[in-house]
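Dear colleague,

I am handing over the structure below, and after it you will find an account of what turned up when I went through it. Please read the account with the structure open beside you.

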Amino acid sequence: MGIAERKQEEKQEMHQRILNGARKIFLEKGYEKTSMRNIASEINYSPGSLYFHFRDKTEIFQELQKEGFTLLLNQLKVLNTVADPFERLKASGRVFIQFAQENKDYYNLMFMVEEDVKEPSENRFQIAQEAINHMCSIIGECQQQGRFQGMDTDYFTFMVLSAMHGICALFCKDRTTSFMNRTNDDLMENGYECFVALLEKG
């Protein structure tokens with residue numbers, strides 16, 4: 001490996017190290033109380049040096065969100081081979097919930113951490129919008145095959161996403177303990193299947 005390649009690899013490793021440290025701090029302190037200084041402290045790096053990699057904490061936060069949405073979207077796109085759009089829709093919900101179960105940190109950063117970002121990055125907006133459009137497209141295909149007739153596609157997509165997000169949010173915020181003798185897995189799996197049963201009646 002040449003010098004240039006080695007330097008590029010070291011830069012990428014540091015880039016990822018900053019993101020990993022920042023993920024922990026954002027989740028512990030929230031967006032407002034996170035600073036470049038405490039991110040640097042987490043990875044034993046000088047605060048000034050972080051600016052060689054990121055403009056500010058907002059750019060770091062949005063990069064983490066983009067990573068999460070990219071990971072989720074890639075998992076959803078695996079289902080593109082499922083020919084029946086209704087089966088694809090039901091499977092997409094299961095993938096969405098499984099993503100939250102297996103990537104709780106990402107899910108919290110994508111949807112749960114309150115942020116004060118005055119200028120969301122265009123890239124982050126695009127990847128989040130792509131995820132919404134992906135679900136909207138599946139529902140549109142379902143409607144073309146006769147399902148969910150009379151429903152506005154956007155409103156129906158919002159309802160479906162809200163139901164899935166509600167299940168995941170209760171899990172991520174540990175709000176499931178009130179359901180005695182039910183595990184998180186039981187609640188999330190069977191709760192979603194109840195929702196699917198309602199969709200099947202439509």
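Of the 202 residues in the chain, 42% count as buried. Please keep in mind throughout that this is a predicted model.

The secondary structure amounts to 9 helices and 0 strands, so that reading along the sequence gives the pattern α-α-α-α-α-α-α-α-α. Along its principal axes, the C-alpha trace spans about 60 × 45 × 35 Å. Among the contacts with a separation of 6 or more, 71% are made by residues 24 or more positions apart. The chain exposes about 11,900 Å², and carbon and sulfur atoms supply 50% of that area. As for charge, there are 24 positive and 30 negative charges, and their mean positions lie 4 Å apart.

Turning to the interior, in soluble globular proteins nonpolar side chains tend to be buried together. In this model the largest nonpolar core has 38 residues, and Leu89, Tyr107 and Phe148 are those with the most contacts inside it. Six elements each supply at least two residues of this core, namely α4 (57-77), α5 (85-102), α6 (104-112), α7 (122-144), α8 (153-172) and α9 (184-201), and of these α8 gives the most, with 9 residues. There is also a second, separate core of 18 residues, which includes Phe26, Met36, Ile39 and Phe61.

The charged side chains deserve a closer reading, since the count comes to 10 salt bridges. One of them joins Glu67 and Arg23, whose side chains meet at 3.4 Å, N to O. This pair links distant parts of the chain, with Glu67 in helix α4 and Arg23 in helix α1 (residues 3-33), 44 residues apart. Are these two partners buried or exposed? Both Glu67 and Arg23 are buried.

A second salt bridge is formed by Lys77 with Glu130, where the closest N and O atoms are 2.7 Å apart. Because Lys77 lies in helix α4 and Glu130 in helix α7, the pair ties together parts that are 53 residues apart in sequence. Lys77 has 35% relative accessibility and therefore counts as partly exposed, and Glu130, at 32% relative accessibility, counts as partly exposed as well.

Within a single helix, Lys90 forms a salt bridge with Glu87, the closest N and O atoms being 3.0 Å apart. The two residues are 3 apart in helix α5, which means that about one helical turn separates Lys90 and Glu87. Their surroundings can be read from the accessibility values: Lys90, at 6%, falls under the 20% cut-off and so counts as buried, whereas Glu87, at 37% relative accessibility, counts as partly exposed.

Finally, Arg55, Asp56 and Glu59 are linked in a network of salt bridges.

If you would like a place to begin, I suggest the two cores, starting from Leu89, Tyr107 and Phe148 in the largest one and from residues such as Phe26 and Phe61 in the separate one of 18 residues. The salt bridge between Glu67 and Arg23 and the one between Lys77 and Glu130 could then be viewed in turn.

With best wishes

Methods: Residues numbered from 1 in each chain as written. Predicted model: local features only at pLDDT ≥ 70, side-chain atom pairs only at ≥ 80, totals over all residues. Heavy atoms only, no water. Helix = DSSP H or I, 4+ residues; strand = E, 2+ residues; numbered from the N terminus. Buried < 20%, exposed > 50% of the residue type's maximum accessible area, 1.4 Å probe, protein only. Contact = heavy atoms within 4.5 Å. Areas by Shrake-Rupley, 256 points an atom, 1.4 Å probe, with all protein chains shown as cover. Lys, Arg positive; Asp, Glu negative; His and termini not counted. Charge placed at Lys NZ, Arg CZ, Asp CG, Glu CD. Core = buried A, V, L, I, M, F, W, Y, C linked by side-chain atoms within 4.5 Å. Salt bridge = Lys/Arg side-chain N within 4 Å of Asp/Glu carboxyl O.
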